[in-house]
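Student: Could you walk me through a few local features of this model before I go back to the bench?
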Amino acid sequence: LVWLGAGLRLAWQARTAVQGPGLAPWLIGLTAIGTLAVANVGIWQKETLIAQGRPVFLELAPVDPRSLMQGDFMRLRFRLPAEADSEPRLLARGRPQVVARCDAMGVATLLRLRNPGETLAEGEFPIELTPKDGRWTVATDAWFFREGDGARWEAARYGEFRVMPDGLALLVGLAGADLKPIAIGD
């Protein structure tokens with residue numbers, strides 16, 4: 001195989017020496033530009049979500065404040081409607097959504113799964129679910145932090161999200177029982 005590979009390599013080198021560099025530099029350049037474009041579009045989408053999304057707090061279910069196997073992070077669980085774990089239609093194409101309603105403080109209660117095409121009542125809004133480790137969650141199931149900062153994050157009682165009208169949600173921080181954000185610190 002090495003002999004055959006060396007022979008093919010020599011034949012390719014001889015051919016490119018006669019024909020010039022060809023398309024290879026152009027393809028490399030286009031690939032680099034495409035990669036940068038995809039990354040920048042993703043960054044732009046997240047920044048738009050943070051700037052224009054509705055601030056919402058979701059209560060955390062009991063959490064694991066540390067994982068020794070993966071470093072310092074907090075495993076997050078949010079109180080989802082009971083049918084979110086057992087509903088077979090969740091396995092269909094697309095991501096399911098839950099219907100939420102906020103109180104005066106901005107704390108959302110997840111009421112039920114949203115049926116396809118369902119019109120929401122006044123004050124209700126959708127939040128998209130994400131599959132993680134064989135179950136559904138809101139946006140993410142982990143909050144990573146700097147090594148040694150575990151004690152600071154043990155006070156977390158709420159996840160702070162930004163939610164777009166179409167249900168897309170992004171976790172932007174954690175908050176204590178008083179809904180004040182927990183600072184990342186120096």
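Tutor: We will go through an arginine, an aromatic pair and a surface patch. The model is predicted, so local features need pLDDT of at least 70 and side-chain atom pairs count only at pLDDT 80 or more, while totals for chains, interfaces and linings use all residues. Residues are numbered from 1 along each chain as its sequence is written, and side-chain values use heavy atoms, with hydrogens and water left out.
Student: Where is R114?
Tutor: R114 lies in the loop between β4 (107-113) and β5 (124-132), strands being DSSP runs of E with at least two residues and helices runs of H or I with at least four.
Student: And what does the side chain of R114 reach?
Tutor: The side chain of R114 reaches the backbone oxygen of E118 at 2.9 Å, a polar contact (N or O atoms within 3.5 Å, one able to donate a hydrogen and the other to accept it; residues adjacent in sequence count only if both atoms are side-chain atoms).
Student: Switching topic, how many aromatic pairs are there?
Tutor: The count comes to one aromatic pair, with ring centres required to lie within 6.5 Å. The rings of F78 and F161 have centres 5.3 Å apart and planes at 65°, so the pair is edge-to-face (over 60 degrees; under 30 is stacked, the rest tilted).
Student: Is F161 buried or exposed?
Tutor: F161 counts as buried because its relative accessibility is 1%, where buried means under 20%, exposed over 50% and partly exposed in between, with a 1.4 Å probe and protein chains only.
Student: What about W26 in helix α2?
Tutor: W26 counts as exposed, at 63% relative accessibility.

Methods. Phe/Tyr/Trp six-rings, centres within 6.5 Å; stacked < 30°, edge-to-face > 60°.
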